[in-house]
Amino acid sequence: MQKKQITIIIGAIGLLLLLLVVGCAQKQEAGGFGDAPAKVYVAPGSYDEFYAFMSGGFSGQVSVYGLPSGRLFRVIPVFSQDPEKGYGYSEETKPLMMTSHGFIPWDDAHHPQLSVTDGQTDGRWLFINGNNTPRIARIDLTTFETVETIEIPNSGGNHGSPYLTPNTEYVVASTRFSVPIPQKDVPISSYKENFKGTISYIKVDSATGRMNLAFQILVPGINYDLSRAGKGPSHGWSFFSSYNSEQANTQLEVNASQNDKDFIAAVNWKLAEELVAQGKGQAWPANYFHNYMDAADVGKSETMNSVTILNAKEHPGLVYYIPTPKSPHGCDVDPSGEYIVAGGKLAALIPVHSFSKFKTAIENKEFDGEFDGIPIVKYESVLAGEVKEPGLGPLHTEFDGQGFGYTSMFLSSEIVKWKLGTWEVVDRIPTYYSIGHLMIPGGDTKQPYGKYVVALNKITKDRYLPTGPELTQSAQLIDITGDKMKLLLDFPTIGEPHYAQACPTTLIKDKSKRWYPIEENHNPFAIKAEGEARVERDGKTVHVYMSTIRTHFAPDNIEGIKVGDKVYFHVTNLEQDWDVPHGFSVFGANNSELLVMPGQTRTILWEPKQAGVIPFYCTDFCSALHQEMQGWIRVSS
Amino acid sequence: MKHDSTNEDPAVQAGSSPQPNRTKRTRQPRVPLSLLSRIVIAAAALMLAFTYFFPLWEITLDAPQYPEGLGLEIWINQMQGQNQGDLNKINNLNHYIGMKQIKPESIKELSIMPWIMRAVMLLGLVVAATGRRSFLLVWLLVFLLVSGAGLVDFYLWGYDYGHNLDTAHAIIKVPGMSYQPPLIGSKKLLNFKAISLPGIGGWVAIGSFVIGGLVWLMEFRRARKQVIRAT
């Protein structure tokens, strides 16, 4: 009895001491910001140094921030409808949301990727994956608008995507969930027998950016997670982390965590290209959508019905498995292209593979058996080194170009800085809390810009004012110019930020479009001058060719509309001036407003349900007489 | 300078008259322009070619909403925005005050001015070729006249645009307010500050005239000295 009491007392004292230590640590942090305010202060009217593009996660959007200020500039809707912009509601943009499952107004957007040339950011396009219904989208960085989406067939979830090859030759996709391929009605417990995975290469046209699913590699049925392409010496390869080599179909939390090692799949995409060119691929029937804004800035949907498949088992040298501890997540290639860093979610170390050792191991046939027909390269033969005791739950690694790797630690909620080559940990900094991805501007390219690392956190708890049960996710800006990392700034993010990318503003700023030249507007329903404004009836369909210019609509009195009509408002913004969009909204419309950029045409459908006189107006404060920018529609029964 | 008479130019030959005494008595002797002056005049005339490559005049419109700049350029043969799309923006803004649309194709001066400029250039070259100081004076007077007429025309154009407003359809009506841009200098027009100044082409023309004037002045003084010395 006495012993127990003593234990309790000692325990209580211990707890008090712990609280004291934590309290002191927090106090230190609060008082220790030094020159941080000056480092993140971007004076009014001045510009940031970097554009940062952050995934919105389950918001299906991309948000655009400035670094180092952490100021939000824009939210780009990608997979999610956005009534504010009319995105996914206007007739022009609706096709971008089409899939073989019909119109899907949402997805889970994870990994933004800036286009690259020779392994360096070129500021042309931003790609991002849709995880839930496998898709990849492309955003044009002159307009910051989504201009293309492509559905990925034969995939059960597109997580390891859209990681680019060094010249944006391809964006990749890999199935997070293996499923029967092609799909069929089988017992879920027949996983090992029936489930397969695919790794897809989508060719990107170097001039237009247009995507085209070039081929898919059929691979054993496990979960493919994240990817990076090789560069420099490893150019021509890409690497995909995987888990569930147990091929469990239930209770994955436990059952997929049994094996000591899972795999990184190394894919020789140059060889795949050759095999396809030699006609070694098989044409499989498929059903997927390719949607894009055409030359007239009108969305088009194409249904595709075939895909070229390469079965990995049938082509020696195409795919190898590199054993990697504990359900690896991140799979990051260093700037030199020699090292592949894996983040084993449950591992107590960070294994780093060597590409040159991998090549030698293949030459010397140092294999450790096969997994479902794919050769497994010996772990020891490929391993360059291990970062020992880095912390708990390593996930992702980015590089500063100065010979250091920075790895996010989900469980111990910190970033760990370590040296490439010696694998020693040199610094660590806490994150608040539970960091997922991290991002250094250009940190995945041949020549990182360095300067900052951004922590992208899943949980914020007490970091901000509470907003009910759902709290903001957050980013944290950390200075990496010195030997010690220094926290500079916390800022909230849109949705859940997964990955992010950043580049110097010079790559994008001066190419940013100010308006669409009206003479280049080839929308079939566009009008080039106010005099062309008119109403045309075709049976029960009515086309209103409408113009907007400060500060009026033409026409602004519309009569002859009947209950039951389908009224298409084709609104052309005749402005040719910077930052003068006009809005268009109709009383009682069941969809959204339109926000029409200068020189652009956008169309919204309205179906009047009762007789009367219905007002419409401009929603975007456009001039001193914005309030006067309105009109009426007479609806007769 | 003393070897001017070796020049092959007949005009110069004519200048060095074989009967100096008789001429002297009736009128001052013709002292031809020096070779250097003639070269300078030719250069000044040829310099005017720059007016084909740079705007003669610029009207800049300064307002808080236009940090990117907004303005008009008047060229020898065209009128255009300082930046792409400016003319369109200005016309759109002008509809608020009932100002006429600026349509460069309907401004006839823009088709006449190139010819006038060519004539001025040609005349300058004639001056250089003949080397006659009186011709230089004529050239300068013509130059001045043409420029003056141009500015008057510009003023009248601005007056017309600034005053003849379609008040029936104007959205913004400020009693007593007109919107004539200044001929030169700056003026506040509602939220805009209009700044009117010569463009590069205009400065070149002014420079050409000033050079011509200086040459004439120097030659005038040189000739007077020669005449004094001769008498």
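**View 1. How confident the predictor is about chain B.** Chain B comes out at an average pLDDT of 86, pLDDT being the predictor's confidence in each residue, from 0 to 100. In chain B, 87% of the residues score at least 70. Residues 1-20 of chain B are another story: pLDDT stays under 50 there, and the model has 16 contacts for them beyond four places in sequence. Contact here means that the C-beta atoms of two residues, placed from the backbone, lie within 7 Å. Where pLDDT is low, the predicted coordinates should not be read in detail. This is a predicted model, so local features need pLDDT of at least 70 and side-chain atom pairs count only at pLDDT 80 or more, while totals for chains, interfaces and linings use all residues. Residues are numbered from 1 along each chain as its sequence is written, with chains lettered from A and ligands numbered from 1 in the order in which they are written.

**View 2. Chain B and its meeting with chain A.** Going from the N terminus, chain B reads α-α-α-β-β-β-α-α-α-β-β-α, which adds up to seven helices and five strands. Helices (H or I, at least four residues) and strands (E, at least two) are DSSP runs, numbered from the N terminus. Of the contacts in chain B with a separation of 6 or more, 63% are between residues 24 or more positions apart. Six residues of chain A are in contact with six residues of chain B. The model scores ipTM 0.72 and pTM 0.87.

**View 3. An open four-stranded sheet in chain A.** The strand order is β20-β21-β22-β25 (chain A), with antiparallel pairing; two strands pair if DSSP finds at least two bridges between them. At the edges sit β20 (328-333) and β25 (383-388) of chain A, each paired on one side only. β20(A) and β21 (residues 339-344) of chain A share four bridges, and A:Pro328 is found opposite A:Gly344 in β21(A). Helix α6 (residues 355-363) of chain A lies across β21, β22 (349-354) and β25 of chain A, at about 60° to β22(A). For that angle, axes are lines fitted to C-alpha atoms, for helices over the stretch in contact, and angles run from 0 to 180 degrees between N-to-C directions.

**View 4. Strand β12 of chain A and its partners.** Strand β12 (residues 195-204) of chain A is largely enclosed by the rest of the structure, because nine of its 10 residues are buried. A residue is buried if 20 or more other C-beta atoms lie within 10 Å of its own, exposed if 12 or fewer, and partly exposed in between, with C-beta atoms placed from the backbone. Strand β10 (residues 170-174) of chain A runs antiparallel to β12(A), joined by five bridges, and A:Val171 has A:Ile202 as its bridge partner. Two bridges tie in β11 (residues 179-180) of chain A, also antiparallel, with A:Pro180 opposite A:Phe195. Nine bridges link β12(A) to β13 (residues 211-220) of chain A, and A:Tyr201 stands opposite A:Phe215. These two strands, β12(A) and β13(A), make a hairpin with six residues in between, and A:Gly209 in the turn has a positive phi of about 85°.

**View 5. A:Ile527 in its loop.** A:Ile527 lies between β34 (500-504) and β35 (534-538) of chain A. A:Ile527 counts as buried because it has 21 C-beta neighbours inside 10 Å. Leaving out residues up to four places away in sequence, A:Ile527 touches A:Glu532, A:Ala533, A:Tyr545, A:Ser547 and A:Thr572. A:Val571 is 44 residues away along the chain, with 8.5 Å between its C-alpha atom and that of A:Ile527.
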